[in-house]
Amino acid sequence: MSNAEITKYFNATEFRDIRDDLVFAVENISEPKIAIDCGCGAGADINYLASNNFVVYGFDLEEESISRCKARFKNIDNVFLSKSSFNSFSYPKASLVAADASLFFCPSSEFPGVWEKIYGCLYPGGVFCGSFLGPEDTMASPGYNPSVFWPEVAVFEEAEVRKLFENYETLRFNVHRTTGTTLLGTPHDWHIFSVVAQKPNTAVKGDAGKAPRDLP
Ligand SMILES: C[S@@+](CC[C@H](N)C(=O)[O-])C[C@H]1O[C@@H](n2cnc3c(N)ncnc32)[C@H](O)[C@@H]1O
């Protein structure tokens, strides 16, 4: 995305509605209320989590995301922000990891390690709430110009997404297929898997979430 498009995207999403999956995830969290928002964008989910008394660690690759969120949450002392990628972020222990429309842009080569870090940072009983890009999404199409969004996309078949959660208890799994126009005004077919899943309370020490070996 160009800087102008990023600004437009963040302007359009700063006060967006909170997705029902995140509300549901929050209802399933017990103490301590510590959340990580991966690829936090303009901070819509951080705002929701902080106002529900979570300590929130938000990170994003884009400087604009972090500078906007720093200004937005400057008077809130339970929000911590860092300019970081999925791979370079130091994941604190957390009871909730939120990754809405962001893991789409984790480079495939980095995804297995990132996925293990996410599993590893969750307390037993902690919840992951996020979404994955399916092969029929416009962004996954051959010929799609990736410079329109963030440079790389990680695409998953449904079976691969389900396999990612073999060490979790899946609380919700939904497939979204819709056609419409993006916030930037371009036609788009969406194919997205949204998942809410809980790390078992009985998780064995050192037990890591495994990613499929043959990610696209
Ligand atoms: C579609 S936006 C979603 C933003 C936010 N989660 C929301 O739902 O409003 C994707 C976000 O992922 C961030 N992003 C892209 N690649 C990233 C990476 N490698 N590491 C961390 N964040 C990344 C982008 O800067 C952007 O803020």
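**Helix packing and loop geometry in the predicted model**

N167 sits in the loop between α6 and β6 (169–181). In this predicted model, N167 comes out as partly exposed, since 15 other C-beta atoms lie within 10 Å. Its C-alpha atom is separated by 27 Å from that of I18, and the two residues are 149 residues apart along the chain. K70 offers another pair of this kind. This residue belongs to helix α4 and is partly exposed, because it has 14 other C-beta atoms within 10 Å. Between K70 and N174 there are 33 Å in space, C-alpha to C-alpha, and the pair is 104 residues apart in sequence.

G125 tells another story. It is part of strand β5 (residues 122–133), and its 17 C-beta neighbours inside 10 Å make it partly exposed. The C-alpha atoms of G125 and E31 are separated by 9.9 Å, with these positions 94 residues apart along the chain. Once its neighbours within four places in sequence are set aside, G125 is in contact with S30, Q198, K199 and N201.

E31 also turns up in the backbone geometry. The peptide bond that links E31 to P32 is cis, and its omega is near 0 degrees. P32 itself is placed in the loop between α2 (20–27) and β1 (34–38).

Now for helix α4, which covers residues 63–72 and has S65, R68 and C69 as its buried residues. These residues sit on the same side of α4, because they cover an arc of only 95 degrees around the axis. The general rule behind such a pattern is simple: an α-helix has 3.6 residues a turn, so residues three or four places apart point the same way. On the face of α4 turned away from the buried side, the exposed residues are E63, S67 and A71. As for what lies over the buried residues of α4, the cover includes two helices, α1 (3–13) and α3 (44–51), along with the strands β2 (55–60) and β3 (79–83).

The packing of α1 on α4 can be looked at in more detail. Two packed helices are described by the angle between their axes and the distance between the axes. For α1 and α4 the angle is about 40 degrees, and the axes are 10 Å apart. This angle makes α1 oblique to α4, as values from 35 degrees up to 65 degrees are neither roughly parallel nor roughly perpendicular. The crossing of α1 and α4 is a right-handed one. On the α1 side, the contact is made by I6, T7 and F10, while α4 brings in E64, S65 and R68. Sorted by character, the residues of this contact are two nonpolar, two polar and two charged. Two of the α4 residues named here, S65 and R68, also appear among the buried residues of that helix.

Helix α3, another part of the cover over α4, is itself mostly covered, with seven of its eight residues buried. The buried residues of α3 are A44, D45, I46, N47, Y48, L49 and A50.

Just after α3 the backbone does something worth a look: N53 has a positive phi of about 70 degrees. This is a positive value in a residue other than glycine. N53 belongs to the loop between α3 and β2. Is N53 buried or exposed? It is exposed, because 9 other C-beta atoms lie within 10 Å, and a residue with 12 or fewer falls in that class.

A101 also has a positive phi without being a glycine, with a value near 55 degrees. Its place is in the loop between β4 (94–99) and α5 (111–121). A101 counts as partly exposed, because it has 17 C-beta neighbours inside 10 Å.

After that loop comes helix α5. In α5, the buried residues include F111, V114 and W115, and further along the helix I118, Y119 and C121. The partners against which the buried residues of α5 pack are the strands β1, β4 and β5, together with helix α6 (158–164).

How values were computed:
Residues are numbered from 1 along each chain as its sequence is written. This is a predicted model: local features need pLDDT of at least 70, side-chain atom pairs count only at pLDDT 80 or more; totals for chains, interfaces and linings use all residues. A residue is buried if 20 or more other C-beta atoms lie within 10 Å of its own, exposed if 12 or fewer, and partly exposed in between; C-beta atoms are placed from the backbone. Helices (H or I, at least four residues) and strands (E, at least two) are DSSP runs, numbered from the N terminus. The arc is that of the directions from the helix axis to the C-beta atoms. Two residues are in contact if their C-beta atoms, placed from the backbone, lie within 7 Å. Axes are lines fitted to C-alpha atoms, for helices over the stretch in contact, and angles run from 0 to 180 degrees between N-to-C directions. Angles under 35 degrees count as roughly parallel, over 145 as roughly antiparallel, 65 to 115 as roughly perpendicular and the rest as oblique. A crossing is left-handed if the near helix is turned anticlockwise from the far one by less than a right angle, and right-handed if clockwise. Ala, Val, Leu, Ile, Met, Phe, Trp, Tyr, Cys and Pro count as nonpolar, Asp, Glu, Lys and Arg as charged, and the others, Gly among them, as polar.
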